[in-house]
Amino acid sequence: MKNKPNPDERVAKLFGSISRARIIELLVSHADRAFYQREIMFETGLSLHPTQRELENLVGLEIVKKRETNDRVYYEINTCSPFFKPLCEICESVKK
């Protein structure tokens, strides 16, 4: 009998990257706030380059919004994206 993959593995297979999956899960689960890059790194346990790469990919897909201030760059899930609701459903179902 084959073991069921853990939630991180399932989402990583779906999105093709554990880094992308962790960032999406974080931003979707906190859709009411923006994070700066170091917060995302800390919360997801990712290093600088994977975090930067995946955030830029997600911004390019318009799944994540990027907002720059004088000294920081903030990222938040784009709740107007057509992908937002399906991503919420996916992240919720993986937690079960």
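# Sheet, core and cysteines

Trainee: How are the strands of the sheet ordered?
Mentor: The open sheet has 3 strands in the order E1-E3-E2 with antiparallel pairing, where strands are DSSP runs (E, at least two residues; helices are H or I, at least four) numbered from the N terminus, and two strands pair if DSSP finds at least two bridges between them. This is a predicted model, in which local features need pLDDT of at least 70 and side-chain atom pairs count only at pLDDT 80 or more, while totals for chains, interfaces and linings use all residues. Residues are numbered from 1 along each chain as its sequence is written, and side-chain values use heavy atoms, with hydrogens and water left out.

Trainee: And which are the edge strands?
Mentor: Strand E1 (35–36) and strand E2 (64–68) are the edges, each pairing on one side only.

Trainee: What stands opposite Val64 in E3?
Mentor: That is Ile77, and E2 and E3 are antiparallel, joined by 5 bridges.

Trainee: Switching to the core, which residues have the most contacts inside the largest one?
Mentor: Ile23, Leu27 and Ile40 do, in a nonpolar core of 17 residues, meaning buried Ala, Val, Leu, Ile, Met, Phe, Trp, Tyr and Cys residues joined through side-chain atoms within 4.5 Å; buried is under 20% relative accessible area, exposed over 50%, and partly exposed in between (1.4 Å probe, protein chains only). The largest share of this core, 5 residues, comes from H2.

Trainee: How many disulfides turn up in the whole structure?
Mentor: The search finds 0, taking a disulfide as a pair of cysteine sulfur atoms within 2.5 Å. For Cys88, the nearest cysteine sulfur, that of Cys91, is 7.1 Å away.

Trainee: Why does Cys80 count as exposed?
Mentor: Because its relative accessibility is 70%.
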